[in-house]
Amino acid sequence: MDFTLTEEQEMLRSAIAGFLGARYDLEESRAAAKSEVGWQPAVWRGFADELGILGATLPERVDGSGGGPVELMVIAEELGRALVVEPFIDTVVIGAGLLERCGGEQADDVLRRIVSGNARVAFAALEPSSGHTLYDVSTTAYRDGDSWVLDGAKVVVTGAPLATQLLITARTSGERRDKAGISLFRLEFDASRPPAGVEVHSYRTIDDRVGADLVCTGLRLPADALLGTESDAWTVIEPTIAEATAAICAEAVGCMRKVLADTLDYAEQRQQFGQPISGFQVLQHRMVDMYIELEQAIAAVYLAIHSLRAPAADRARAVSAAKVTIARAARFVGQNAVQLHGAMGMTEELAIGHYFKRLTVIEHEFGSSDEHLDRYAALTRP
């Protein structure tokens, strides 16, 4: 397997790194995240108009560039290195992935708006009692004349306060944990003025992103709000979430690259007993262990990325292996970086603390290490 990036992919990486290096200051981005706005709209506009990364992995028929999993890896890693809080994975990987797989005229219209930077998507799937199990759906949808009526609650809808579109899972047939029977609905959305039948509880997450819990009570949607085939949404959700999981693993690699580089720089500068602490053998061993964890994580991400277009079982196995490896590496690298920086490692003023919070969230996002380890074991059992 060849892991070498093409010239175009290297140019993409350089362009993103240059843009973020010049335009994405960590202090300014955290201030924006804590503000009422919650993000930097000008940066998102730059992603669309200057970098073109909002359409880099989308098909040309919707004005995208037709890139694939490797381009997604390159983008996600660079966004992770800069600790970008704007909803790229929510919109471009999950939202656009679901819309593209569902197909249809209205889906393509939203995809074009995503590419142009005029649409942002949030995926409302998790429920109060579902844990990380996306097919555990209690929210119901039923036909009433020419409309659909939805009832139920969704939690931890990341990016919802920034979204212009909600994609909502609801059960149209079957039992609560059946993979069959789930349908996907689209809703034009504005969290500041939610539609009738939707109650929104917004908040900021520990990693400076935004999310919301939603309660739908008699939410009435038009007939064409249904995306794809009724009761068959799991067939598009499963591969989309696999891509999103691989993407946050690549994002974690970018975070860990930055964390390790900052830790090495600090160890060269910090003096103790008249010499840099980088000269102490026990700390050298610790930093080498951090480097080894990072390299293992990189290898696991490569495997997952190159397996995204493999058969479903092979894809699931590779993605779960990457998630387990990333979870272990994120905890080890993050915790040791904080420890090597001393008490200041968790302060708001130092970048390390912010990266550590994001790595902690990634460790559990789209399933914990234990859940993915169980899935990997089930998929490799004779």
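Start with helix 4 (69–81) and whatever packs over it: the cover of its buried residues includes helix 1 (7–23), helix 3 (41–51), helix 5 (88–102), helix 7, helix 8 and helix 10. Cover here is by contact, meaning heavy atoms within 4.5 Å. Helices (H or I, at least four residues) and strands (E, at least two) are DSSP runs, numbered from the N terminus. The model is predicted: local features need pLDDT of at least 70, side-chain atom pairs count only at pLDDT 80 or more, and totals for chains, interfaces and linings use all residues. Residues are numbered from 1 along each chain as its sequence is written, and side-chain values use heavy atoms, with hydrogens and water left out.

Stay on helix 4 and color by accessibility. Of its 13 residues, 12 are buried, where buried means under 20% relative accessible area, exposed over 50%, and partly exposed in between (1.4 Å probe, protein chains only). Among the buried ones are Glu71, Glu77 and Glu78, along with Leu72, Met73 and Ile75. The end C-alpha atoms of helix 4 are 18 Å apart, in agreement with the 18 Å expected for 13 residues at 1.5 Å a residue; the expected span is 1.5 Å times one less than the number of residues.

Next, select Leu83. Just after helix 4, Leu83 takes a positive phi of about 55°. Leu83 is also one of the residues touched by Arg358, together with Asp207, Arg209, Ile248, Glu251, Cys255 and Glu365, not counting residues up to four places away in sequence. Select Arg358 itself, in helix 10 (residues 351–364). Arg358 counts as buried because its relative accessibility is 3%.

Move to helix 8 (residues 281–306), where Tyr291 sits. The 26 residues of helix 8 should span 38 Å, and its end C-alpha atoms are 38 Å apart. Its buried residues include Leu283, Met287, Glu293 and Tyr302, and their cover includes helix 4 (69–81), helix 7 (234–269) and helix 9 (312–340).

Now show Tyr291, which counts as partly exposed because its relative accessibility is 45%. Tyr291 joins Val288 and Ile292 in a nonpolar surface patch of about 280 Å².

Last, select residues 6–117, where UniProt (unreviewed entry) places the feature "domain: Acyl-CoA dehydrogenase/oxidase N-terminal". UniProt positions are given in the numbering used here, feature names are shortened, and annotations may be inferred rather than shown by experiment. The span is 68% helix and 0% strand, and its end C-alpha atoms lie 27 Å apart.

Terms used: Patch = residues over 30% accessible without salt bridge, like charges linked within 9 Å, V, L, I, M, F, W, Y side chains within 5 Å. Areas by Shrake-Rupley, 256 points an atom, 1.4 Å probe, with all protein chains shown as cover. Salt bridge = Lys/Arg side-chain N within 4 Å of Asp/Glu carboxyl O.
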